[in-house]
Amino acid sequence: MRVKFLLPLFLLFYSCDHGLKPPEQYEEPGFGGTVYFKGTWPDSVYDLRVVAFRNYPPQNIISEVIEGKAKFSQSLPVKVDSVKYEVSADTGKWEYVVVALQYGSNIFSDWKAIGVYDTTQNDTIPTPIYIPFGKFLRGINITCDFNNPPPQPFKFSEIIGLLITKQNESSK
Amino acid sequence: MKIFIFLFLITSHIFCQQQKGALTGTVIDAETKQPIFGVNIIIENTFLGAATNPSGKFLIRNIPPGKYMIKLSAIGYEIQKFEVEILPMQETNITVELKPTTYTVEPVVVTATRREQILSEIPVSTHVVESQLISHRNNLQIDDILRYVPGVNMIQYQVNIRGSSGYSRGTGSRVLLLFDGMPFLTGDAGEIIWEAIPVWQIDRIEIVKGAGSALYGSNAIGGVINVITKETMPKRAFRFRTYFGMYDKPYYPEWNWSQRNRFYYGGFASLNFSTNNTSSLIHIQRSIDEGYKQNQNYHRWNLFTKLKYNFSPFSNLNFIFNYLRQKNETFFYWKNLRNALRPRDEDVGAMVNSERFITFAQYKRILSARLFYIARLGFFRNKWNDNATPQNRSTAGFINSEAQVNYQPDDKNYLIAGIDLTYNNVKSSLFGKRNSHSIAIYFQDEIKFSENLSISVGVRNDLYKLDSLKYTGQINPKFSAIYKINRSLNIRTSVGTGFRAPAISEAFTSTTAAGVTVKPNPSLKPERAISFEVGSRLTLPYIAIDLSTFWNHYWNLIEPVFDIDGKIIFKNVTEARIQGAEVGVNFSAVSFINFSLGYTYLFPWDLSEDAILKYRPKHIFYANTNVNYKFLFAGLDFRFISKYERIDQLLKVIVPDAEERVPVYVVDARFGIELKKLKVFANVNNILQYNYVEIVGNLAPIRNFNLSIEYEI
């Protein structure tokens with residue numbers, strides 16, 4: 001009798017599902033690809049990275065950087081024809097992916113954009129990328145032409161300097 | 001001319017107060033012969049009445065001579081009615097024995113018609129949650145209480161009555177919240193601050209379904225929720241309660257984000273004291289929640305004071321001050337389903353400091369057996385800031401003043417008229433410096449054609465001005481009727497209109513957050529609605545059944561949409577119709593077991609897009625059972641809400657895995673002991689550890705346990 005009474009409760013607790021569950025197929029989200037270099041390398045290159053921002057145009061980049069929202073790669077090797085890179089970034093839309101070069105010793109000011117992810121030839125607006133859930137997006141290739149650099153966004157050098165400084169501080 | 005007639009009526013009643021009698025007496029329990037505290041004694045068809053003191057005694061003075069029906073009601077006792085003759089210049093003394101009831105007594109409701117009526121006499125669908133259930137469940141906020149009201153579902157902090165609201169990111173509620181009758185929506189975003197309400201001082205919560213702007217004006221487009229706090233007691237009493245709770249580990253190890261268990265704890269202390277004419281209450285409350293999600297904790301202080309001063313048996317002043325100070329982390333959306341209890345990287349550390357208080361004074365004066373008025377003046381201040389860069393901050397001051405006259409010229413008519421004024425001033429980094437104001441007048445007549453048939457007609461005219469924009473007027477009529485087929489069964493119908501003036505946040509927001517830019521739209525028009533309902537209620541000693549079918553049509557619903565420049569703007573875009581039916585059953589087969597359920601079917605259709613409305617479920621089902629045996633009690637709650645089929649495109653862009661939703665199946669359990677002074681409550685919430693979202697990207701609370709102890713001296 002007692003078993004009959006407890007059986008429905010047992011079934012209630014153990015037979016029903018638990019609603020939402022984490023996906024089984026999963027890889028850490030991000031993106032990567034190859035950076036191709038054209039033209040003449042500058043004599044002094046202090047640092048070189050791929051950086052991704054959530055928004056474009058970049059008026060709001062400063063706050064994004066301060067709040068740690070921008071993502072970037074490890075330092076890339078210099079004076080090569082091409083190099084592979086990877087950036088860990090959250091799922092969602094990233095509107096501005098750029099290759100940033102530090103050309104002077106001042107980490108806060110000596111930066112410039114040398115290449116932008118842009119798949120359309122007829123304008124200078126960067127092409128956004130969308131990282132799906134649990135996916136690492138591959139094939140985000142960027143071409144840098146030292147003889148024909150892309151438009152420099154507002155306060156670009158200060159922003160990248162701040163970003164790298166923040167990374168260095170956090171890694172200490 | 002009408003004013004003179006009205007003044008004449010008032011003065012004639014004042015000066016005719018001679019040769020009057022009084023009614024005094026004692027009310028005792030029929031079984032134990034002990035006095036009963038808090039019994040309501042009402043002289044029917046008049047505004048005269050009283051409540052018994054702790055000795056069970058009462059006194060009603062200044063009763064015109066004549067024969068009256070006296071009605072006595074108290075929670076846990078059968079209602080008793082009998083006739084009494086009041087003689088001039090004499091005190092009539094009675095002793096009444098009330099029988100403890102074996103079934104649930106129908107509660108008294110004030111919100112539906114702006115006057116006290118028992119639930120079965122109300123011509124619109126109304127639900128009441130009483131304090132005992134709130135106490136047993138150890139609900140920490142009233143939104144948790146509303147999650148078990150038939151026809152109501154919460155989308156995180158946004159309340160929906162029969163699918164009224166959907167989800168609008170905390171801006172502009174389509175349900176009006178009243179706090180002891182005072183509007184309680186913030187002046188800037190027009191949102192409800194649930195945590196500001198001291199749940200353990202609530203006497204009852206009344207939920208009126210359907211458009212109610214004919215009585216309450218803006219925001220009552222989908223319904224009205226009135227939170228009524230406990231009366232101050234005419235005795236000295238000290239009460240305290242403490243609780244301690246713990247969240248279980250997440251069901252899936254992938255969601256584990258903390259090395260240790262997460263806790264929530266707090267409590268309150270309250271003191272009642274009184275002198276000859278004054279009774280007052282001070283309540284102080286502390287609540288801390290570490291959060292089951294990362295970046296979701298809060299630290300909160302609440303202070304609630306209530307003071308009642310009786311100038312005479314016919315006039316009193318109630319003063320209320322309610323304060324909240326809170327520091328809370330903000331969990332906007334999950335990082336993704338793999339990391340369902342972690343926020344997006346950019347939201348880690350997001351925090352809000354807030355300070356809110358509402359204060360108001362309400363004066364009530366009974367001028368004669370058939371005439372009384374209430375006047376109220378209140379102020380609600382809402383101030384918050386976050387830690388974003390640049391920092392967002394907002395301060396809003398909302399002033400409300402209302403005067404209402406209740407007049408019964410004869411036994412057939414009950415007139416209510418009033419005037420309502422508001423002024424709202426906002427200073428915000430998001431909305432700028434803005435203000436709004438409104439003036440409204442309303443009138444209602446309840447006509448009792450016979451013992452069986454009553455109708456109610458009413459109209460309200462609102463004139464409001466939003467900052468520099470032009471004045472806009474809104475006229476909202478209503479009609480309702482109730483017919484008693486016999487003592488147990490009635491049928492009812494009601495039709496009414498509603499509107500909602502745009503919130504300052506909807507018209508003037510200018511900001512960029514979470515990668516999205518919002519721009520202002522000062523040309524927003526008010527939302528409008530019409531509600532129609534037919535229902536029936538059967539009340540038998542052991543069962544009560546309420547059936548209703550409803551039809552609501554909405555115009556100009558305000559939604560955030562992408563504009564042609566890619567920025568978000570609030571626009572009047574949606575015309576919608578929500579039809580449905582609802583059944584509520586309350587059953588007590590034996591005296592110590594009560595069972596109730598509610599089922600609501602909704603057909604929410606977006607006529608503008610010819611598709612189902614966003615964020616609305618089609619089925620809402622609740623069931624709960626309560627067992628009270630001597631000093632022991634136990635209860636079980638179950639709720640089912642079907643998966644809402646559509647969300648907006650905007651959230652799909654912002655929130656990873658926004659489409660990951662499931663129907664809601666939640667079971668909560670409770671048990672405890674309830675002695676005269678000591679009460680112990682144990683609760684297990686979400687006992688089946690079911691994982692679901694109310695709003696996309698936000699996992700609802702996982703299984704948690706709590707124990708609370710209350711003691712009264």
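Start with chain A. Colour it by secondary structure: three helices and 10 strands appear. This is a predicted model.

**Stop 1: chain A, end to end**

Trace the chain from its N terminus. The elements come in the order α-β-β-α-β-β-β-β-β-β-β-β-α. A helix therefore sits at each end of that pattern, with "helix" and "strand" meant as DSSP runs. Now colour by burial. Chain A has 172 residues, and 33% of them count as buried. Next, turn to contacts. Take those in chain A with a separation of 6 or more: 78% of them link residues 24 or more positions apart.

**Stop 2: where chain A meets chain B**

Show both chains and select the contact between them. Chain A supplies 23 residues and chain B supplies 27 residues. Which elements of chain A give two or more residues to the side that touches chain B? Select α2 (61–66) and β5 (92–94) of chain A; these are the ones. Then colour that side of chain A by residue class. You should count eight nonpolar, nine polar and six charged residues.

**Stop 3: the nonpolar cores**

In soluble globular proteins, nonpolar side chains tend to be buried together. Move to chain B to see the centre of the largest nonpolar core. This core holds 75 residues. Which of them touch the most other members? Select B:Leu177, B:Leu178, B:Phe184, B:Ile225 and B:Val227.

Centre the view on B:Leu178. Set aside its neighbours within four places in sequence. B:Leu178 is then in contact with B:Pro183 and B:Phe184 on the one hand, and with B:Val224, B:Ile225, B:Asn226 and B:Val227 on the other.

Another core, of 29 residues, lies apart from the largest one. To find this second core, select A:Phe37, A:Phe53, A:Ala100 and A:Tyr117, which are among its members.

**Stop 4: three strands in chain B**

Select residues 351–368 of chain B, strand β24, together with residues 371–386, strand β25. The two strands pair in the antiparallel sense, over 16 bridges. Two residues link β24(B) to β25(B) in a hairpin. For a landmark across this pair, pick B:Thr359; its bridge partner in β25(B) is B:Phe379.

Now add residues 393–407 of chain B, strand β26. How many bridges join β25(B) to β26(B)? There are 15, and the strands run antiparallel. This pair is a hairpin as well, with six residues between β25(B) and β26(B). Finish on B:Asn382, and look across to β26(B): B:Ala396 stands opposite.

Notes. Residues numbered from 1 in each chain as written. Chains lettered and ligands numbered in written order. Predicted model: local features only at pLDDT ≥ 70, side-chain atom pairs only at ≥ 80, totals over all residues. Helix = DSSP H or I, 4+ residues; strand = E, 2+ residues; numbered from the N terminus. Buried ≥ 20, exposed ≤ 12 C-beta atoms within 10 Å, placed from the backbone. Contact = placed C-beta atoms within 7 Å. Nonpolar A, V, L, I, M, F, W, Y, C, P; charged D, E, K, R; others polar. Core = buried A, V, L, I, M, F, W, Y, C linked by C-beta atoms within 7 Å. Pairing = 2+ DSSP bridges.
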